[in-house]
Amino acid sequence: METLIEKLPKIVAEGKKEVERIMDRLESANKITLQTNEYVLPVRKEENLFQGKYQEINNQNWFNRVIYGDNLLVMQALLTGDTTTGLPSMRGKIDLIYIDPPYDSKADYRTKINLPGVSVEQKSNVLEQFAYSDTWKEGTVSYLKMMYPRLYLMKELLSDKGSIYVHLDWHVGHYVKVLMDEIFGKDNFINEIVWCYTGPSNTKEYFPRKHDTIFLYHKREHIFNIDLIKIAYKKLSTGKTSGIFKNDFHLSEDGKIPEDWWYDITNIGRIQKEILNYATQKPEKLLERIIKASSNENSIVADFFGGSGTTASVAEKLGRRWITSDFGKPANMIMRKRLIDQEAKPFLYQAVGDYQKEVFAQSKEFKRIGDLSQVVLNLFGAMPFDDENIPKNLGQIKGQRTLVYVDSPNKMTGSATIKKAQELKESFMGGWNKVVILGWNFTFDISSILKDIDSSKIEVLVIPPDLMNKLSKTASYQQLLKSNSIRFSSLQYLTIKEPEITENKDNTKTLEIELDNYILLSPDALPLDDKYKEPLQEVIAKEPLALIEYWSVDTDYDGQTFRSKWQDYRENVHDDDKPLRIVTKAIIPIDNKEHRKICVKAVDVFGFESVVVKEL
């Protein structure tokens, strides 16, 4: 059996081949792009409603960005740029990259959700489950395979004066350093920084593991602002220095540069005011030191494992431009709220435009996605076609002329899928009375799209997100077929009361928007353990709007870019004292335009998005 050291050359060779494929794709017509789901104009308090002119999205104006998606695709899109929106390529333009990638195969990154009267734990969605299983299916080997092309793309994004900090611990740290020596060059290694911290430990078998390692490399030259990171020693009564650093970074007579071991920065667990209940959150002081040291004001700073958004938050406070991305919906929600809460400059919330790329691991139980599609068809009660020339994700319910179309777990079901279903309904095998689409993941505007679709002809249902777990054993499939226990649910949607415009005495106008109801997916279609489903059902029945995590309003929607001119979210207690609930009514100043479209977007506590559009 080969050791990991023996496998390293193969990991590197495979990584280089993947990089070649990626770089070729960047030059092809099949480019990956970013779609802007929201242009966020942060409003923390009612009295601070944004009333100024917003900048147009084009290559003349810079916008900080929160991006949802697999960072391998995100970085490809950034390298390519997007001529349709005017956003230029980021190749060679980023001065600082900090990443804190996952480095523990046994970590369980469940999200705790507090609702009125009950708390539930949300498991990863299907996209995240596929990505996570891909990262760890071969242990450290597959982790290094995941990291190689990503580190290479980061090198491509770095400017000639750029630096990269990679934050790891004892699990995989020194193996990743070998990859970085290969990609960035051993001579471009600058520091191995040891961040020491304290905390409880129950171990009696080894010394408590209380430090992380941060590898610092540069590309050619690198920014290093010595004077901005000097720190001061505390004075002892003897007049000597203690060697214990203050936590203020301010210059003083005895200020000095911190060595490559940092124990003056407290772990996040001891900083109550910063805690966001995100498993891998890092303290702001840590990122403050890194960003001050290795970037200048107006430099672009990036974090492609964004997590709780500490890098973006600190970069914003320090006057840097920033890009952050994450593959988890909870992470993106936390980042968006955190930046609004600190009244950040307007920023874009984007997503990878097309998830049709095969970016996730194939299931261990099913050799091809087509095999998984046929399993889903059977569980739904549809019959696959016998003809080998017909795609395996199509089936039929006999006697009803109903076609069933199973979308891939590697895709976001949206307008393209609906259009395909309509074409199949009209022309495939002589036409059908109805097409049922079974999807795993959905674009943010899916509910808006379905509003104009006749559900008696095109119906969209949700595949249970825990289906892959239920199919983890070979015998499970047959048991599920016999029990008929798999439920395919309808999508969630939001309703609002009829908007009202009021003309004020001073000739100004205000728009009143009030949420009416929120119809959530069945608890069976949510990534939850069974024990949480009944108490959640009670909340759904009693107070459905308590499930809204965040909602925002575009008072003059152009049908393309959603400009978030007003927001409220749970934990925003500036306008009320109810941290577990949003306010349900917004009164927003508007101009005197006679005709307008109002667009309301809501995101629930599980990350599902709904959109309502009203014309006035």
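## A nonpolar patch at the surface

Phe-224 sits in a loop, the one that links strand S8 (211-218) and strand S9 (233-235). In this predicted model, Phe-224 has a relative accessibility of 37%, so it counts as partly exposed, a class that runs between the 20% and 50% cut-offs.

Phe-224 also has company: together with Ile-226 and Ile-257, Phe-224 makes a nonpolar surface patch of about 230 Å².

## Helix H1 and its cover

Let's turn to helix H1, which takes in residues 4-26. With 23 residues at 1.5 Å a residue, helix H1 should span 33 Å, and its end C-alpha atoms are 32 Å apart, which agrees.

Which residues of H1 are buried? They are Leu-4, Leu-8, Ile-11, Val-12, Gly-15, Val-19, Ile-22, Met-23 and Leu-26. An α-helix has 3.6 residues a turn, so residues three or four places apart point the same way. The cover over the buried residues of H1 includes helix H2 (71-80), helix H4 (140-157) and helix H5 (173-184).

## Val-600 in strand S28

Further along the chain, Val-600 belongs to strand S28 (residues 597-604). Is Val-600 buried or exposed? Its relative accessible area is 0%, so Val-600 is buried.

Leaving aside residues up to four places away in sequence, Val-600 touches Leu-494, Ile-496, Ile-513, Leu-515, Trp-551, Ser-552, Val-553, Phe-562, Ser-610, Val-611 and Val-612. As for Gln-567, its C-alpha atom is separated from that of Val-600 by 9.9 Å, and the two residues are 33 residues apart along the chain.

Conventions. Residues are numbered from 1 along each chain as its sequence is written. This is a predicted model: local features need pLDDT of at least 70, side-chain atom pairs count only at pLDDT 80 or more; totals for chains, interfaces and linings use all residues. Side-chain values use heavy atoms; hydrogens and water are left out. Helices (H or I, at least four residues) and strands (E, at least two) are DSSP runs, numbered from the N terminus. The expected span of a helix is 1.5 Å times one less than its number of residues. Buried means under 20% relative accessible area, exposed over 50%, partly exposed in between (1.4 Å probe, protein chains only). Contact means heavy atoms within 4.5 Å. Patches are made of residues with over 30% relative accessible area and no salt bridge: like charges are joined within 9 Å, nonpolar side chains (Val, Leu, Ile, Met, Phe, Trp, Tyr) within 5 Å. Accessible areas come from the Shrake-Rupley method with a 1.4 Å probe; for residues, only the protein chains shown count as cover. A salt bridge is a side-chain nitrogen of Lys or Arg within 4 Å of a carboxyl oxygen of Asp or Glu.
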